[in-house]
Amino acid sequence: MDQFVPVRRSKDGQPVRYLIVDDSVFARKNLARIIESFGGQVAGEAGDGLAAIAEYTRTSPDIVLMDITMPQMEGIEAAEKIVQQHPEARIVMVSSVGYQENIVAALQRGARHFVQKPVKPEVLYEVIKYVLGDDGAVTNAAGAGA
Amino acid sequence: MKMELIQPFINAADAVLAPGLKSPMFVGHLSMEEEAYRRKGVAALVWLTGDIEGRIIFDLDSATAGRVASRFAGSELPESDGLVPEAVCELANQVIGNAVATLNDQGFHFRVHPPALLTSEHGSRSTEDTEAMVLCFETASGNIFMNIALRYKVQQAKAVAK
């Protein structure tokens with residue numbers, strides 16, 4: 001897999017911490033591999049929307065990567081509930097069901113962006129930088145950008 | 001089953017499988033399933049509900065499933081690895097999700113349910129209103145089959161007939 005120039009948190013130069021939410025273990029492993037290539041760190045994982053809400057509170061991640069189609073509670077509903085409790089939450093929907101209706105619903109209910117599966121690492125990398133905005137810094141040196 | 005329902009699945013399979021396997025994919029045999037469904041190896045089942053209803057089975061023999069999962073995982077996975085069926089389910093989710101996104105943007109509204117690993121050896125026969133079509137995608141890693149049994153719901157069928 002390609003390596004990217006690491007994206008770190010501007011405030012302390014630490015790796016960006018991600019919560020990965022997907023009912024597929026395989027998809028979670030693939031996403032973990034991709035974010036590690038961005039210099040990121042997996043703060044937690046969840047297999048459905050309900051677990052995602054609890055994991056968000058427990059781990060306070062910088063970014064959530066959230067699937068849509070999941071058992072128990074789907075991703076859009078979980079995103080809405082997380083944003084209601086934590087308005088600062090940055091949630092990126094990562095799903096194969098990227099039709100307009102779903103994308104609009106996700107954005108209206110609090111998601112910051114949408115990435116279509118299969119995930120192209122270079123696309124997700126750009127989305128992460130965009131969503132982090134000034135809170136993210138692209139740097140080769142650990143601790144730089146703090 | 002109308003071709004307008006099938007084409008998005010062919011396009012989605014190409015969009016997901018070819019880059020993931022890093023080799024071209026060809027649509028091989030296309031046939032209507034005459035007999036009851038018989039599982040070939042590792043199979044994932046996805047239900048759709050809404051304007052179009054039915055089920056899709058994504059099916060690979062065990063050796064092909066191991067090779068395909070390894071390609072998508074980026075590392076060699078033995079056929080017996082627990083991640084292999086997980087990979088098949090996720091690929092089914094991606095192919096079907098992409099096809100559904102196209103169909104949804106064309107005005108069909110439905111819901112995709114999460115994929116489930118199919119463990120039974122056999123399935124029910126096609127019925128008059130739910131014919132099953134089997135698509136075979138030929139890849140360098142082996143053949144990947146999609147068994148699609150969908151039907152328009154009554155209201156939609158009426159609208160189409162008008």
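Helices H2 (residues 62-73) and H3 (83-105) of chain B are roughly perpendicular to each other, because their axes cross at roughly 75° and angles of 65 to 115 degrees count as roughly perpendicular, under 35 as roughly parallel, over 145 as roughly antiparallel and the rest as oblique. The two axes come within 9 Å. Axes here are lines fitted to C-alpha atoms, for helices over the stretch in contact, and angles run from 0 to 180 degrees between N-to-C directions.

H2(B) brings Ala65(B), Gly66(B), Val68(B), Ala69(B), Phe72(B) and Ala73(B) to this contact. H3(B) brings Leu83(B), Val84(B), Ala87(B), Val88(B) and Leu91(B). Two residues are in contact if their C-beta atoms, placed from the backbone, lie within 7 Å. By class, the contact has ten nonpolar, one polar and no charged residues. Ala, Val, Leu, Ile, Met, Phe, Trp, Tyr, Cys and Pro count as nonpolar; Asp, Glu, Lys and Arg count as charged; the others, Gly among them, count as polar.

The model is predicted: local features need pLDDT of at least 70, side-chain atom pairs count only at pLDDT 80 or more, and totals for chains, interfaces and linings use all residues. Residues are numbered from 1 along each chain as its sequence is written, while chains are lettered from A and ligands numbered from 1 in the order in which they are written.

**Between the chains**

H3(B) also faces chain A. It gives the most to the side of chain B that touches chain A, with 13 residues. Helix H1 (3-21) of chain B also supplies at least two residues of that side. In total, 19 residues of chain B are in contact with 19 residues of chain A. The chain B side has nine nonpolar, seven polar and three charged residues.

**Chain A as a whole**

Chain A has five helices and seven strands. Helices (H or I, at least four residues) and strands (E, at least two) are DSSP runs, numbered from the N terminus. Along the sequence the pattern is β-β-α-β-α-β-α-β-α-β-α-β. The radius of gyration of chain A, taken over C-alpha atoms, is 14 Å. That is close to the 15 Å that the globule rule (2.2 Å times the number of residues to the power 0.38) gives for 146 residues, so chain A is as compact as a globular protein of that length. Its C-alpha trace spans about 40 × 30 × 25 Å along the principal axes. Of its 146 residues, 49% count as buried. Residues 24 or more positions apart account for 65% of the contacts with a separation of 6 or more.

**Backbone details**

Most residues other than glycine have a negative phi, and most peptide bonds are trans. These cases depart from that.

| Site | Value | Place |
|---|---|---|
| Ser60(A) | phi near 40° | loop between H2 (49-59) and S4 (63-66) of chain A |
| Lys22(B) | phi about 55° | loop between H1 and S1 (26-32) of chain B |
| Lys117(A)–Pro118(A) | cis, omega about 0° | Pro118(A) in the loop between S6 (113-116) and H5 (121-132) of chain A |

Ser60(A) is partly exposed, with 14 other C-beta atoms within 10 Å. Lys22(B) is exposed, with 9. A residue is buried if 20 or more other C-beta atoms lie within 10 Å of its own, exposed if 12 or fewer, and partly exposed in between; C-beta atoms are placed from the backbone.

**A loop residue of chain B**

Glu121(B) lies in the loop between strands S5 (116-118) and S6 (132-139) of chain B. Glu121(B) is exposed, with 9 other C-beta atoms within 10 Å. Leaving aside neighbours within four places in sequence, Glu121(B) is in contact with Arg38(B) and Arg39(B). Glu121(B) and Lys40(B) are 81 residues apart in sequence and 8.2 Å apart in space, C-alpha to C-alpha.
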